[in-house]
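Student: I should like to request a close look at a single part of this protein. Please begin with one loop residue and then place its surroundings in the context of the whole chain.

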Amino acid sequence: QVQLVESGGGLVQAGGSLRLSCAASGRTFSTYAMGWFRQVPGKERELVSAISWSGSSTYYADSVKGRFTISRDNAKNTVYLQMNSLKPEDTAVYYCALGASIATIAQGSWGQGTQVTVSS
């Protein structure tokens, strides 16, 4: 069983930056795609960004393109989400996910989530 632990969330003013981290254990991290979802109460969970096992393929939701950057360090079993130019609408609980591929990542394993709050 894989364990995913997110960190780096918090409160930031609009225009600011945060970096989320997700540390994985229990599986061969480097063979799995990783991603970040977010969820606001009353709304469905949204895939924000994902990265393939090698890092050669990435996905970004249109709402975060040009502002967020996903990366991974397979030696540290960690995936990162650098979030710049944050907006109040980025406020959500952010979840790390691990899956067989970017396309199927929602069917994989999840972390417990970390709150990101962007004040206007």
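Tutor: The residue to begin with is Glu-89, which sits in the loop between strand 8 (78-83) and strand 9. The model in which Glu-89 is seen is a predicted one. The relative accessible area of Glu-89 is 54%, and because exposed means over 50%, Glu-89 counts as exposed. Between Glu-89 and Asp-73 there are 28 Å in space, C-alpha to C-alpha, for a separation of 16 residues in sequence.

Glu-89 shares its loop with Ser-85, which also belongs to the stretch between strand 8 and strand 9. Ser-85 has a relative accessibility of 43% and is therefore classed as partly exposed. Its backbone deserves attention: Ser-85 is not a glycine, yet its phi is positive, at about 50 degrees.

The two strands that flank this loop may now be taken in turn. In strand 8, five of the six residues are buried, so that the strand is mostly covered. Strand 8 has an antiparallel partner in strand 3 (residues 18-25), and six bridges join the two. Within that pairing, Met-83 of strand 8 has Leu-18 opposite to it. Strand 7 is likewise joined to strand 8 by six bridges, and these two strands run antiparallel. Here Ile-70 and Leu-81 are bridge partners, with Leu-81 being the residue in strand 8.

The connection from strand 7 (68-73) to strand 8 is a loop that contains Asn-77. Strand 7 and strand 8 form a hairpin with four residues between the strands, and in this hairpin Asn-77 adopts a positive phi near 55 degrees. Asn-77 has this positive phi although it is not a glycine. With a relative accessible area of 25%, Asn-77 is partly exposed, because buried would require a value under 20%.

On the other side of the loop that holds Glu-89 comes strand 9. Strand 9 (residues 92-99) is mostly covered, with eight of its eight residues buried. Several strands pair with strand 9. Strand 4 (residues 33-39) is joined to strand 9 by seven bridges, in the antiparallel sense. In this pairing Met-34 has Leu-98 of strand 9 as its bridge partner. Strand 10 (residues 109-110) also runs antiparallel to strand 9, with two bridges between them. Leu-98 takes part here as well, standing opposite Ser-109 in strand 10.

Strand 9 is further paired with strand 11, again antiparallel, over three bridges. Tyr-94 marks one position of this pairing, as it stands opposite Thr-114 in strand 11. Strand 11 is in turn joined to strand 2 (residues 10-13) by four bridges, and these two strands run parallel. One of the positions concerned is Gly-10, which stands opposite Val-116 in strand 11.

Strand 11 (residues 114-119) also shows an alternating arrangement of its side chains. Thr-114, Val-116 and Val-118 are directed to one face and are buried. Gln-115, Thr-117 and Ser-119 are directed to the other face and are not buried. Such a pattern is expected because side chains in a regular strand alternate between the two faces of the sheet. Thr-114 and Val-116, which belong to the buried set, are the residues that stand opposite Tyr-94 and Gly-10 respectively.

These details can be set against the protein as a whole. The secondary structure consists of eleven strands and zero helices. Of the 120 residues, 43% are buried. Among the contacts with a separation of 6 or more, 56% are between residues 24 or more positions apart. The radius of gyration is 13 Å, which agrees with the value near 14 Å that a compact globule of 120 residues would have. Taken along the principal axes, the box filled by the C-alpha atoms is roughly 40 × 25 × 25 Å. About 5900 Å² of the protein is accessible surface, and carbon and sulfur atoms account for 49% of this area. Finally, the charged side chains comprise 10 positive and 7 negative ones, and the centres of the two sets are 4 Å apart.

Technical notes:
Residues are numbered from 1 along each chain as its sequence is written. This is a predicted model: local features need pLDDT of at least 70, side-chain atom pairs count only at pLDDT 80 or more; totals for chains, interfaces and linings use all residues. Side-chain values use heavy atoms; hydrogens and water are left out. Buried means under 20% relative accessible area, exposed over 50%, partly exposed in between (1.4 Å probe, protein chains only). Two strands pair if DSSP finds at least two bridges between them. The radius of gyration is taken over C-alpha atoms; the globule rule is 2.2 Å times the number of residues to the power 0.38. Contact means heavy atoms within 4.5 Å. Accessible areas come from the Shrake-Rupley method with a 1.4 Å probe; for residues, only the protein chains shown count as cover. Lys and Arg count as positive and Asp and Glu as negative; His and the chain ends are not counted. The place of a charge is taken as NZ of Lys, CZ of Arg, CG of Asp or CD of Glu.
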